[in-house]
Amino acid sequence: MRQLGAEGLMAVADTRIARLRQYVWDAPTRLFHWLLVGLLGFSWYSAETYQMEWHRYSGLAILGLVAFRIVWGFVGSGTARFGGFLKGPRAALAYLRSKGHDESVAGHNPLGGWSVALLLLLLTVQTLSGLFAVDIDGIESGPLSYLVDFDRGRQAAAIHGAAFALLKLVAALHVAAILFYLVVKRRNLITPMLTGYRRVMTAQAAVAPASRIGLIVAVAVGAGVVALVYNGLPGPLAP
């Protein structure tokens with residue numbers, strides 16, 4: 001058998017590596033993830049330092065991201081769609097029995113999928129309540145607080161604070177799970193969310209791609225929600 005030269009060996013190695021790389025996360029999902037991380041941190045910082053104007057801008061940006069992600073959960077790529085990662089109790093139990101070694105799960109595992117749903121729910125409650133929140137002095141208020149009376153604004157502020165407390169807990173559990181997989185399972189979950197690819201031992205089914213029209217619709221919805229809130233809604237809510 002003819003021996004391969006250095007370039008031939010490199011080509012064979014590159015081919016093998018390529019076969020072991022699986023496309024998992026589309027670019028919009030990855031961008032949403034890291035923008036959300038940055039904006040949540042900035043929202044916390046701006047609130048703690050009483051930079052409320054910046055806090056409102058950050059909250060509006062998060063609201064737009066959440067609106068985008070909800071739409072993207074229906075029109076995005078296979079791993080981004082809710083139907084792709086929201087599984088029933090049987091799937092969760094099967095994944096637990098596999099002790100996290102089930103590589104047939106391309107994106108979120110059944111447990112991680114429900115944590116994402118919980119995170120989106122809390123973000124929705126957090127951002128919507130912030131729109132109507134009023135502080136105790138009635139000075140610092142959400143952009144739509146003029147639509148509700150003072151008591152309802154205070155109720156919204158209480159919900160806003162409670163949702164953020166739960167968000168911090170879910171975020172801490174999320175980081176703990178990432179570290180667990182990295183240290184104990186020797187599985188890096190961070191790099192795929194940066195590059196879009198993960199390493200697998202065997203070939204996996206390709207992830208269904210998203211359409212450009214779906215991306216345009218999701219972005220338009222997110223931007224439209226932000227524009228609607230920023231420009232204000234007409235008339236007060238009925239008592």
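Helices (H or I, at least four residues) and strands (E, at least two) are DSSP runs, numbered from the N terminus. The views below show a predicted model, in which local features need pLDDT of at least 70 and side-chain atom pairs count only at pLDDT 80 or more, while totals for chains, interfaces and linings use all residues. Residues are numbered from 1 along each chain as its sequence is written, and side-chain values use heavy atoms, with hydrogens and water left out.

**View 1. The second largest pocket, and the helices around it.** On a 1 Å grid over the protein atoms alone, a pocket is an open set of points where a 1.4 Å probe fits, with protein on both sides within 12 Å along at least five of seven lines; lining residues have an atom within 4 Å of a point. Here the space comes to about 770 Å³, a volume being the space filled by probe spheres set on the points, which are joined across faces, edges and corners. Of the 29 lining residues, A47, M52, H55, Q126 and H160 lie nearest the centre. Which helix gives the largest share of the lining? That is helix 3, with seven residues; helix 2, helix 3, helix 6 and helix 7 each supply at least two. By type, the lining has 14 nonpolar, 10 polar and five charged residues. Ala, Val, Leu, Ile, Met, Phe, Trp, Tyr, Cys and Pro count as nonpolar, Asp, Glu, Lys and Arg as charged, and the others, Gly among them, as polar.

**View 2. Helix 6, residues 110-132.** The expected span of a helix is 1.5 Å times one less than its number of residues, so the 23 residues of helix 6 should span 33 Å, and the 34 Å between its end C-alpha atoms agrees. Look for its buried residues (under 20% relative accessible area, with a 1.4 Å probe and protein chains only); among them are P110, G112, V116, L120 and Q126. The buried residues pack against several partners, including helix 2 (27-48), helix 3 (52-75) and helix 7 (150-183). At the N-terminal end, N109 acts as a cap, with a side-chain oxygen 2.9 Å from the backbone nitrogen of L111.

**View 3. Helix 2 and what covers it.** The 22 residues of helix 2 should span 32 Å, and the end C-alpha atoms are indeed 32 Å apart. Its buried residues include P28, R30, F32 and L39. Strand 1 (21-23), helix 8 (190-195) and helix 9 are among the elements that cover them.

**View 4. T29 in helix 2.** With a relative accessible area of 4%, T29 is buried. Leaving aside residues up to four places away in sequence, T29 touches W72 and A80, where contact means heavy atoms within 4.5 Å. The side chains of T29 and W72 also make a polar contact (3.1 Å); the term means a pair of N or O atoms within 3.5 Å, one able to donate a hydrogen and the other to accept it, and residues adjacent in sequence count only if both atoms are side-chain atoms. T29 and R69 are 40 residues apart in sequence, yet 7.8 Å apart in space, C-alpha to C-alpha.

**View 5. Y50 and R186, two loop residues with positive phi.** Most residues other than glycine have a negative phi. Y50, in the loop between helix 2 and helix 3, has a phi of about 60°. R186, in the loop between helix 7 and helix 8, has a phi near 55°. Are they buried or exposed? Y50 counts as exposed (over 50%), at 71% relative accessibility, and R186 is exposed at 71% too.
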